[in-house]
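Here is the note that was asked for on this chain, set out as numbered points for someone who has not looked at the model before.

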Amino acid sequence: MRKDEAMGDVESNEPAAPPRLRSVVRAMIWATVPVLLLVQLLASAGVEASSFWSQIRQLDARMARLAESRAELIAEPLWKMRYDQVTSVLNEIMHDETIAAAAVYDDTGAAIARVAARPEGRTVAEVSRPIHYSNGNMAVEAGRIAIAYSNAALYADAGSRLVLLLVVGLLATFATLIAMRISANIFIGRPLAAMMSAIQRSKQDGRAYPADVTSSNEFGQLARAFNAMQHTTSGALDRLGHMAAHDPLTGLPNRRSLTERLAVASRHRGRADALVAFCFIDLDDFKGINDTFGHEAGDKLLVQISQRLRSAVEAQDWVARLGGDEFVVIRPEVSNEASAHAFAQHVLAAISEPIRLHDKQVVPRASIGLAVRHADDPELSHLPTLADIALYHAKSKAPGTVAVLDEALQRDYRRRRDLELAIPAGFAEGQFEVWYQSQVDLESHEVVGLEALIRWRHPDHGVIGPAEFLPLIERSGNNGRLTRYVLTDACWALQRLAAAGRPQIRIAINLPPSELADHSLAAALRATCARFDVAASLLELEITEGSLINNIASAAETLHRLRRLGATIALDDFGTGYSSLAHLRRFPLDKVKIDKAFISEIPDSAEDKAIVGVIASLAGTLGLMLVAEGIERAEQAEAMREMGVRFGQGYLYQRPQPLDAVLRWLKTQPAAESRILADSPSIAPEFA
């Protein structure tokens, strides 16, 4: 039997609670009645025993008085030897049923008269008294009278009374038992059964049911307290249920409510010709709002967004907050996908109205993933996942827009999921490869460095570029593993470069933002360099502007540790983020790489030339080396030289290739002179 079936059986048996309550009454009765019966019997027996011994004493006293009175009567006949009169006196007392025999003895001890009414074997007691005769001055002891009597009648009478008492006691106990059972059921069993029935009914549907008990005794007071508790508990449960199903900040239904709603919708399918529009909303740069204005202002923004969403939808629509800056809007019936898209655009426009935060006007931005499915689709519960696929596309490709789920996005999602699941196998099987692209001196065209670029040679999808799988590496938490993987390969490449006669070539490695918060990176770099016997000064570590801004304190500490080891620090993609002179001065930078976005239109774009000129002037002032990325044409290289850019990198010189291909290509290139290293920043290696 399955566990859920077993639990169902238990619940179905729960109405058998009243018998358990009656068993409490029975237990109370069976614990009380034997004691009551025993006490009653002991008391009755005690009373009867006292009465019996009192009767025994009375009998003894009566026999003694009888012997004395008869001794006086037979004194003269005995002395004068009128024995027939003596016998007559003895016969007179034999009518007493308790007397078994009587005898008179003369002064010599000889029996003068003897009378027996019953066998002597029944005699249990005897009383004897002397017979005194006096006549004038003469007083003599004429003899002795003895009376034998039996207690059997008393014993028999006492036994019959004890039997009668036992019968009466049993009848009284039985009557008491019935009275106790009736009273216990009325005053104990029924109130408890009423309360248990209320509890059982409450367990079935969660509502509060009062116990119908009207007595004014302690159980009536208990029932009233129970009813008050039920009322209080019911209110608390209602509040807890609301809290469990709603977001405490905005009051909107939460993720749990969404799951339940979609489950119900999947079971109760709508019209086949109706469509359900599911909008998955994510605010753009909400973290920036929190960082700039504080979390209190961020909460205020979320509350205002929730109010706008409520106002922007119809009565039949449904709005929920899933957590953070994620919201959901569902329109249960739309005529077609175009209507659904128009509805999503309307929601997006409502969100984008300006909001004042701390007396400053802020324009919220959001991205929406839209999934549309038929109302009778049995998999409506999958709508959040489907809309999230579209939202991912909107966030990564076109923030601030509505992305509609289509087959292409689903294919991309399936491919992304396949790659994400294959990451552990990629590391285990060595599918990740490090390729290298050269950096050259724009004056001498000599190769002065190589940039390590990661590729994934997937067994099914072929060679995959980093733009596709690096976000997946970051999501899976494998950034550190990949960095150390590339670091190991770069140190091995430095070994081979030295063996090939190119010991002066540096290798640049890209550091993801998360690595700047890892203080163990410097120790790992030092250990890896020691293992391959290469100098840390031959490594160049490239970081992006965004990673610096998001981790200013930890990034500065990590970079200082790396630089003390002798590594060169380069700022990659300069000009595309938040760079400023203050940032450049705060961090221990040696080199700046101009993003290829500013190079591609040179020399035709005067604006790009002006920007590169400003960057070159700034770098010269700060003593930083410049590298131009993305050089693909000779005129671009010439323009860079004219503007004072010393080094370049791009397809004009060499495309990224595996190390073996790079080593073969280097054999055809002029070797860099030692002056290249001399022109580099002077860094004294230190232990971090």
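The points below go from the whole chain to its sheets, its cores and a few single residues.

1. The model is a predicted one, in which local features need pLDDT of at least 70 and side-chain atom pairs count only at pLDDT 80 or more, while totals for chains, interfaces and linings use all residues. Residues are numbered from 1 along each chain as its sequence is written, and side-chain values use heavy atoms, with hydrogens and water left out.

2. The secondary structure comes to 22 helices and 21 strands, where helices (H or I, at least four residues) and strands (E, at least two) are DSSP runs numbered from the N terminus. Of the 688 residues in the chain, 43% are buried, that is, under 20% relative accessible area, with exposed meaning over 50% and partly exposed in between (1.4 Å probe, protein chains only). Among contacts (heavy atoms within 4.5 Å) with a separation of 6 or more, 68% are between residues 24 or more positions apart.

3. The UniProt record, an unreviewed entry, annotates residues 162–182 as a transmembrane region; such annotations may be inferred rather than shown by experiment. In the model this stretch is 100% helix and 0% strand, and its end C-alpha atoms are 30 Å apart.

4. One open sheet has 4 strands in the order β2-β1-β4-β3, with antiparallel pairing; two strands pair if DSSP finds at least two bridges between them. Because β2 (111–116) and β3 (125–135) stand at the edges with a single partner strand each, one side of each is left without a neighbour in the sheet. The antiparallel strands β3 and β4 (residues 138–149) are joined by 11 bridges, and in β4 the bridge partner of V127 is I147. Helix α4 (residues 83–93) packs on this sheet, touching β1 (99–106), β2 and β4, and its direction makes about 25° with that of β2; axes here are lines fitted to C-alpha atoms, for helices over the stretch in contact, and angles run from 0 to 180 degrees between N-to-C directions.

5. A second open sheet is formed by 5 strands in the order β6-β7-β5-β10-β11, and its pairing is mixed. Its edge strands are β6 (318–323) and β11 (402–404), each with a single partner strand, so one side of each lacks a neighbour in the sheet. Strand β5 (residues 275–283) runs antiparallel to β10 (residues 366–374), to which 9 bridges join it, and I281 has I368 in β10 as its bridge partner. Across β5, β6 and β7 (326–334) lies helix α9 (residues 295–312), running at about 5° to β7.

6. The largest nonpolar core (buried Ala, Val, Leu, Ile, Met, Phe, Trp, Tyr and Cys residues joined through side-chain atoms within 4.5 Å) has 77 residues, and those with the most contacts inside it include Y436, I507, L525 and L539. Helix α14 (residues 479–499) gives the most to this core, with 8 residues. Apart from it lies another core of 34 residues, among them L252, C279, F293 and V329.

7. Some backbone details merit a check by eye. The peptide bond from I602 to P603 is cis, with omega near 10°, and P603 lies in the loop between β18 (591–594) and α19 (606–622). D285, although not a glycine, has a positive phi of about 55°; D285 is in the loop between β5 and α8 (286–293) and is exposed, with a relative accessible area of 58%.
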